[in-house]
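Dear colleague,

I am handing over the structure we spoke about, and below it you will find what came out of the analysis. Please read the notes with the model open beside you.

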Amino acid sequence: MSTHPAESVSENTQESAERAFGTREKLAIWLLLGSSFVVILNETIMGLALPVLMVALDITAAEGQWLTTAFLLTMSVVIPITGMLIQRVPTRALFIAAMSLFSLGTLISAVAPGLALLILGRVVQASGTAVMLPLLMTTVVTLVPVQLRGQLMGRIAIVMSVAPALGPTIAGLILEVLSWRWLFLLVLPIAIIALVLGSLRMPNVGIRKVVRIDIVSVVLSALAFGGLVFGLSEAGAAANGEQFVEPFIPVIVGVVALVLFVWRQISLQREDRALLDLRTFRSRPYALSTVLLICSSMALFGSLILLPIYLQNVLGYKPIEAGLVLLPGGLLMGLLGPLVGRIIDAHGVRPMLIPGAFITAAALGAMGLMGESTSIWQVVGTHLLLSVGLAGVFTPVFSVSLGSLPLHLASHGSALISTVQQVAGAAGTALFVTIMTLVSVAFAGSPDAVGSSALAHGTSVAFYLGGAVACVGAVIAIFIREDEVSAAAHGGH
């Protein structure tokens with residue numbers, strides 16, 4: 001029987017990809033996965049530690065909130081640059097730089113005598129963290145054969161969704177028996193081990209390109225994404241009267257800078273000089289997946305900020321108890337990631353993506369039913385349901401979005417996805433907190449009169465709003481088609 005030439009080329013390419021994905025490459029992926037998990041875990045540990053730090057460092061809540069705000073700001077500024085960095089800098093060198101920054105920032109934070117140096121440590125940590133996820137996703141797309149990619153995307157989903165979810169739980173357990181410095185001291189040796197292993201075993205993947213750095217794009221990117229994240233963070237603080245500036249000022253600066261940034265990237269990408277190549281959005285699956293990721297990230301990070309508040313201030317649980325309530329959902333999401341990946345490899349994304357998106361919306365709606373007398377088991381069960389839904393969304397979204405891009409756009413697609421998740425996470429956090437605070441104050445009549453009843457009412461409305469956002473994502477999920485992914489990946493130039 002004769003074989004069509006195109007089929008032979010495809011089979012040869014597949015076989016060579018499988019041969020190239022050997023022991024060294026698998027070790028590199030696991031190193032990146034483990035390192036990314038550790039660095040992303042640090043993104044959400046400060047929330048539960050804030051009351052402890054306020055006493056230990058003699059600071060106000062508004063001052064302490066800068067530990068999270070500075071981290072998010074740095075992430076949103078650095079991540080857009082990583083698409084260009086991945087093209088210019090060898091993989092091993094970039095990994096060493098990222099983990100060195102993270103380790104240095106962790107050390108600074110652990111020994112910081114006061115707030116200023118602690119914030120500096122968080123900024124240095126975030127500079128390394130920002131590089132890791134785009135580097136991980138680009139390496140997976142470059143190294144992993146298509147038929148195995150779903151499983152690896154499942155593990156990336158664990159890093160991007162489970163690590164932030166476990167942050168409060170781990171922080172609660174550590175703070176119950178140790179000082180806040182151990183939040184960093186326990187992480188430091190793990191980071192150093194990953195750094196040493198990566199410097200010895202990390203292969204260089206992809207083809208390097210010498211691309212001139214466009215300073216104007218870097219500045220516009222910092223103003224755009226930094227302005228939006230800062231403004232959204234300030235919107236959440238403004239609801240409590242603790243904002244540093246009026247939120248609309250950085251938001252307006254961010255929006256104007258974003259428009260100018262997009263215009264400049266469209267001009268530069270004609271010469272392949274864009275900081276972030278927006279031709280990724282010509283892929284319909286990538287564009288739809290990005291919008292769905294925005295909705296899902298808002299749901300994840302919004303619920304991560306609201307549930308601990310609800311558990312402690314409405315139901316009266318201690319921080320460690322609130323952290324433990326979130327633990328089963330985080331673990332379940334981690335266990336489901338690889339399983340969802342295998343199902344995707346065997347049957348495509350739609351059997352998981354569409355049910356996952358609707359389950360996410362239903363779970364957030366169910367959280368809106370929680371009140372002052374809600375059983376702790378109802379909270380645990382609803383959070384488990386949300387975790388099932390998000391596990392069914394994140395893995396397919398990463399698989400579809402990056403799988404629909406040609407390889408030369410993979411680094412830009414990874415950076416864009418990571419940037420979008422950070423901005424959407426900040427938006428979800430600010431939106432949920434702002435709505436909860438405004439509704440609680442309106443229900444109580446004044447900020448000083450807000451009690452558990454008013455707070456329960458505020459969290460309920462905020463969760464219903466989150467459910468409405470997730471419903472938008474569920475509708476979008478219906479329009480993401482499997483057959484368009486392969487066509488987009490092979491048709492881009």
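The count of salt bridges in this predicted model comes to 1, under a rule that leaves out side-chain atom pairs at pLDDT below 80. That salt bridge joins the side chains of R279 and D277, with a nitrogen-to-oxygen distance of 2.6 Å. Both partners fall on the buried side of the cut-off, which is set at under 20% relative accessible area: R279 counts as buried because its relative accessibility is 15%, and D277 is buried as well, with a relative accessible area of 4%.

On the surface there is a nonpolar patch, made up of I213, I215, V219, L223, F248, I249, I252, V253, V256 and L260, and together these residues expose about 880 Å² of accessible area. Two helices, helix 11 (residues 215-238) and helix 12 (residues 248-268), each supply at least two residues of this patch. Which of the helices gives the most to the nonpolar patch? It is helix 12, with 6 residues, and F248, one of the patch residues, has its place in that helix.

Turning to the interior, a search of the whole structure finds 4 cavities of 30 Å³ or more. Rolling a probe the size of a water molecule over the atoms is what shows where empty space is left. The largest cavity has a volume of about 40 Å³, and its lining consists of L292, C295, S296, A299, A357, T360, A470, G473 and A474. Three helices each supply at least two residues of that lining, namely helix 13 (284-313), helix 15 (350-367) and helix 18 (452-478), and among them helix 13 gives the most, with 4 residues. What is the make-up of the lining by class? There are 6 nonpolar residues and 3 polar ones, while charged residues are absent from the lining of the largest cavity.

One backbone angle deserves a look when you prepare the model. D58 has a positive phi of about 55 degrees, although it is not a glycine. This residue lies in the loop between helix 3 (46-56) and helix 4 (61-64), and D58 counts as exposed because its relative accessible area is 69%, where the cut-off for exposed is over 50%.

Finally, there are some pairs of residues that are separated along the chain and for which a distance in space was computed. Two of these pairs involve helix 14, which covers residues 319-347 and holds P338. P338 is buried, with a relative accessible area of 16%, and its C-alpha atom is 8.5 Å from that of I158, although the two residues are 180 residues apart in sequence. L336 also lies in helix 14 and is likewise buried, at a relative accessible area of 19%; its partner is A391, which is 55 residues away in sequence and 6.3 Å away in space, C-alpha to C-alpha.

Is L407, by contrast, buried or exposed? L407 is exposed, with a relative accessible area of 55%, and its place is in the loop between helix 16 (376-403) and helix 17 (410-444). The C-alpha atoms of L407 and V141 are 7.5 Å apart, for a separation of 266 residues in sequence.

The remaining pair starts from W182, which is found in helix 9 (residues 182-185). W182 is partly exposed, because its relative accessible area of 34% falls between the cut-offs of 20% and 50%. Between the C-alpha atoms of W182 and A110 the separation is 7.2 Å, and the two residues are 72 residues apart along the chain.

With kind regards

Terms used
Residues numbered from 1 in each chain as written. Predicted model: local features only at pLDDT ≥ 70, side-chain atom pairs only at ≥ 80, totals over all residues. Heavy atoms only, no water. Patch = residues over 30% accessible without salt bridge, like charges linked within 9 Å, V, L, I, M, F, W, Y side chains within 5 Å. Areas by Shrake-Rupley, 256 points an atom, 1.4 Å probe, with all protein chains shown as cover. Salt bridge = Lys/Arg side-chain N within 4 Å of Asp/Glu carboxyl O. Buried < 20%, exposed > 50% of the residue type's maximum accessible area, 1.4 Å probe, protein only. 1 Å grid on protein atoms, 1.4 Å probe; cavity = no way out; pocket = protein on both sides within 12 Å on 5 of 7 lines; lining within 4 Å. Points joined across faces, edges and corners; volume = space filled by probe spheres on them. Nonpolar A, V, L, I, M, F, W, Y, C, P; charged D, E, K, R; others polar.
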